[in-house]
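Colleague: I am new to this one. Could you take me through it, one short question at a time?

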Amino acid sequence: MSLKINTRVTEILGIEYPILQGAMAWVSFAPLVAAVSNAGGLGIIGGTIFTPDAMRQEIRKVRELCDKPFGVNIISLHPLIDQILKVLIEEKVLVATYGTGNPRKIIEILKPGGVMSFPVVPSVAAALKAEADGADGVIVSGCEGGGHVGQISSLPLIPQARDAVKLPLVAAGGVADGRGMAAAFALGAEGIQMGTRFIVTRESPAHPNTKQKIIAAKIEDTLVTGNITGLPVRVIRNQMAEEFLNMEKTKKSKMEMALFGSGKMQLAFVKGDAEQGSVMSGQVAGLIADEPTCGELIQRIMREFHETIAQLGKIPN
Ligand SMILES: Cc1cc2nc3c(=O)[nH]c(=O)nc-3n(C[C@H](O)[C@H](O)[C@H](O)COP(=O)(O)O)c2cc1C
């Protein structure tokens, strides 16, 4: 039996399985992006840390490794955002994702340039705005997820966003297996985006110490720092997170906290300091116990997805 399914998300993006690898700064470099896309999902470059030139190089690296569709994540607050958008258009990138700022300004430039926009939104209001601004799809992001988060979890967010917008809808936050994917689809999603699960794959360049930290974590081991700074981030509890919480409690200035946080993701994911670095991770860390290839992972999730739906069909009435 074929594991493939067709949704508007697979059609628009030209992918085999409606599984997106969430962009992750310092993790989703070309090797991971190409591995996900070669496995039939959509890899997305974590592009927020790049200069325009480095962005162009990373896009070209992905193309050397695969000829399948992939996306690029950008940040509208980038000081050289105009040049970044120009690179995306010149390099004929399929789709851009972005989580902050005003989608309209980005869409006004990217759309005529032939690049699709899938904004990442934490609320129904932001999904409606993305639709009004002309987005091609929307990624609704529940606060169970790793990295920067909003206030609403996926279970209430997905169906309410589904009811509010007509756009192709991808669910992010809290999905790491086929059961989670089936649940997201039951709520109205047409695709899923996973970040944390893809960190612990063979092709992921994340440092082994940090992968191990995620494997060892249980569901209770993540927390959200930065509620005070206005940039809440879900991370695994470690020395860095405790120190940050302490800074919040003792009302250190935003500037002090920003300086303290600077470089901490790189410290964890590239240098492997899983205690002093920022190990961004979602609550699904508790579900992650192995390090498959991206191909094995996507096949497994699709199998579990179909099995879950078949099981649900057998509930007696
Ligand atoms: C380590 C890490 C880094 C992330 N970096 C980014 C980023 O640079 N841009 C972005 O839009 N989302 C970022 N995210 C969010 C992911 O793209 C994705 O939406 C999220 O991880 C989904 O939730 P999950 O962790 O439960 O799978 C990051 C997440 C993690 C875990």
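Modeller: First, a term: a residue is buried if 20 or more other C-beta atoms, placed from the backbone, lie within 10 Å of its own, exposed if 12 or fewer, and partly exposed in between. The model is predicted, so local features need pLDDT of at least 70 and side-chain atom pairs pLDDT 80 or more, while totals for chains, interfaces and linings use all residues. Residue numbers start from 1 along each chain as its sequence is written. Helices (H or I, at least four residues) and strands (E, at least two) are DSSP runs, numbered from the N terminus.

Colleague: Are the residues on the two faces of strand 11 buried or exposed?

Modeller: Strand 11 covers residues 233-236. V233 and V235 sit on one side, R234 and I236 on the other. Both faces are covered, and these four residues are all buried.

Colleague: In which sense do strand 7 and strand 10 pair with strand 11?

Modeller: Two strands pair if DSSP finds at least two bridges between them. Strand 7 has two bridges to strand 11, with G147 facing R234 as bridge partner. Strand 10 (residues 222-225) has four, and T222 partners I236. For both strand 7 and strand 10, the sense is antiparallel.

Colleague: In what order do the eight strands of the open sheet run?

Modeller: Strands of a sheet pair through backbone hydrogen bonds. In this sheet the pairing is parallel. The order is 1-9-8-6-5-4-3-2.

Colleague: Which strands stand at the edges, and why is one side of each left without a neighbour?

Modeller: An edge strand here has a single partner strand, so one side has no neighbour in the sheet. That holds for strand 1 (19-21) and strand 2 (43-46).

Colleague: Which residue in strand 3 is the bridge partner of G46?

Modeller: Strand 2 runs parallel to strand 3 (residues 70-74), joined by four bridges. From strand 2, G43 and I45 point one way, I44 and G46 the other, and all are buried. The partner of G46 in strand 3 is N73.

Colleague: And which residue in strand 5 is the bridge partner of Y98?

Modeller: Strand 4 (residues 95-98) and strand 5 (residues 116-121) are parallel over four bridges. In strand 5, Y98 is matched with P119.

Colleague: How far apart are the C-alpha centres of domain 1 and domain 2?

Modeller: Domain bounds come from an automatic or database domain assignment. Domain 1 takes 8-203 + 293-313, and domain 2 takes 208-283. Strand 7 (147-148) and helix 9 (196-199) each give at least two residues to the side of domain 1 that touches domain 2. The two centres are separated by 23 Å.

Colleague: Where does the ligand's shell lie, and which residues come nearest?

Modeller: Both domains give residues to the shell, so it lies between them. Strand 9 (191-194) and helix 9 each supply at least two of its residues. A residue counts as near if its C-beta atom, placed from the backbone, lies within 6 Å. Of the 28 around the ligand, the nearest are G22, G145, G146, G195 and G282.

Colleague: Which residues does T201 touch, leaving out those up to four places away in sequence?

Modeller: T201 lies in the loop between helix 9 and helix 10 (208-216). It counts as buried because it has 24 C-beta neighbours inside 10 Å. Contact needs C-beta atoms, placed from the backbone, within 7 Å. By that rule T201 touches E291, P292, T293, C294 and L297.

Technical notes:
Two residues are in contact if their C-beta atoms, placed from the backbone, lie within 7 Å.
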